[in-house]
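Please look through the structure shown here, and then follow the explanation below as it moves from one part to another.

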Amino acid sequence: MPITCEFEYHKPKTLPEALKLLTDKGSCVLAGGTDLLVWMKEGLRAPKTVVDIKGIAGMGGFTLSASALRIGACVTFSELIESDVVRKKLPMLWECSRTVASVGVRNRATLAGNICSAVPSLDSAPALLVYDAVVEVRGPKATRKVPVAEWFTGVKRTALKPGELVTAVIIPLTKKKAGSCYVKLGRYRGEDLAQVGVAVLALADNEYRVAFCAVGPVPTRAKKIEALLSGKELDDALIAQAKELVPQEISPITDIRSSKEYRLHMARVMLARGLKAACARLAGDAPATGDNLV
Amino acid sequence: MKKIAIEFKLNGTQRQVEVEPSDTLLEALRERVGAKSPKCGCDRGDCGTCTVSFNGKTVRSCLVLAVEADGAEIVTLEGISKEPSKLQKEFAQRNAFQCGFCAPGIVMSATELLGKKKKPTREEIQEAIAGNLCRCTGYTPIVEAIEAAANGGK
């Protein structure tokens, strides 16, 4: 299916140039293009101006400080997977990145693009939510920082305003000892969108953070489950109580990939697996990352 | 829309072409410079049969604009080596393909894998070609051919 819309292509070298181009109402940002090109082919996007941000200096790469990792807007999922810093400091981001699409797509698709596309099944969101990530946004006048918890406003909708550009995703590093797990359910292993995604971050002193994707219009933190678990040692009885709360946290729909009943059932099962795996990893009883759950 | 002149290296040779901003790299390769090994399958990045190497990394050429390739180095199946590679020989010997439509993409993905890992595990092989769909073989002979190429060295 060819792209039928007509547009001008620009590849600015500086941020001010890009921001000037983005003041045009019909403009659209191009990073990896793995969603944008599909949407243009399907007629869901018909930009007049395409602004390729890959030529702007400073939009790629990682910056590690004592308290956070800054991930530039042009960093691809393959770069996340190949990064030792990501693997060691943010193992769940590493783990979820490996479940995104396929190698050829990950070589191109960016983390920033993933959260800008904001489809409900995006694999990176649960990890970003439990890590309390912040989106760095540059507008015509100022830079602002949007917590990921406030970023997703609807299906394919975000807090990004017209004329703004995401320049980085900033993830604070957890000070406490942590164990984490991202559990994804696809219809088969290999390339597929999530039917359900669950992220569990278990921190020392029985602090837990839980987030879901693909089971509601936006990916969300499961605050009721977190409150239940907080301060308690994980055991089977507690896991059973947490599973009871799942229907209050998510609102799955039936679509081509699965029914809402199946999603709801699997969200409970996967929460239990994720909690056990994250706690085992925190205790050092399991590899920090990897496919084999406890 | 005004055409844009771009220049890129294709299989070691510098090429200049004029493209529409809306042309994909796949369209430019097949229709403007005659590189016919990348195929148009799903045209949305799911099937992998349009896979080419872009600055050393495989991409879905149906999801890249041709203009993005300006200044890039592109390698298609035609350009991976003058003689059939060890990998290609293993594919042929084991009848790893039937209709052959997925073959260029799978060879490109497997070549990228073997460039990164000399002895990939079966799981790593499966992951490397997870985005390349084959409807004939059931994948077993393909995975075995990649394993054999890795074990046989170059």
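Two strands are said to pair if DSSP finds at least two bridges between them, and the strands themselves (E, at least two residues), like the helices (H or I, at least four residues), are DSSP runs numbered from the N terminus. This is a predicted model, in which local features need pLDDT of at least 70 and side-chain atom pairs count only at pLDDT 80 or more, while totals for chains, interfaces and linings use all residues. Residues are numbered from 1 along each chain as its sequence is written, and chains are lettered from A and ligands numbered from 1 in the order in which they are written.

A good place to begin is strand β3 of chain B, residues 51-54. This strand pairs with strand β5 (residues 73-75) of chain B in the antiparallel sense, over 2 bridges, and Ser53(B) faces Val75(B) in β5(B) across that pairing. The strands β3(B) and β4(B) also run antiparallel, joined by 4 bridges, and here Ser53(B) stands opposite Thr58(B) in β4(B). The hairpin that β3(B) and β4(B) form has 2 residues between the strands, and in this hairpin Asn55(B) takes a positive phi near 50°. A residue counts as buried if 20 or more other C-beta atoms, placed from the backbone, lie within 10 Å of its own, as exposed if there are 12 or fewer, and as partly exposed in between. Both faces of β3(B) are covered, with Thr51(B) and Ser53(B) buried on one side and Val52(B) and Phe54(B) buried on the other.

The domain assignment, which is automatic or taken from a database, divides chain B into domain 1 (4-77) and domain 2 (86-152). The C-alpha centres of these two domains of chain B lie 22 Å apart. Taking two residues to be in contact if their C-beta atoms, placed from the backbone, lie within 7 Å, one finds 13 residues of domain 1 of chain B in contact with 11 residues of domain 2 of chain B. On the side of domain 1 that touches domain 2, the largest share, 3 residues, comes from β3(B).

How many residues of chain B are in contact with chain A? There are 25 of them, and they meet 24 residues of chain A. To the side of chain B that touches chain A, strand β4 (residues 57-60) of chain B gives the most, with 4 residues.

In chain A, an open sheet of 3 strands has the order β1-β3-β2, with parallel pairing. Its edge strands, each pairing on one side only, are β1 (8-10) and β2 (27-30) of chain A. Between β1(A) and strand β3 (residues 49-52) of chain A there are 3 bridges in the parallel sense, and Tyr9(A) stands opposite Val50(A) in β3(A).

Further along chain A, helix α10 (residues 236-249) includes the buried residues Ala242(A), Leu245(A), Val246(A) and Glu249(A). Among the elements that cover the buried residues of α10(A) are β13 (207-213), α9 (223-229) and α11 (260-282) of chain A.

Two loop residues complete this account. Asn206(A), in the loop between β12 (196-203) and β13 of chain A, has a phi near 55°, a positive value in a residue other than glycine. Tyr139(B), in the loop between α4 (122-128) and α5 (140-152) of chain B, likewise is not a glycine and has a positive phi of about 75°. Asn206(A) is partly exposed, because 15 other C-beta atoms lie within 10 Å, and Tyr139(B) counts as partly exposed because it has 19 C-beta neighbours inside 10 Å.
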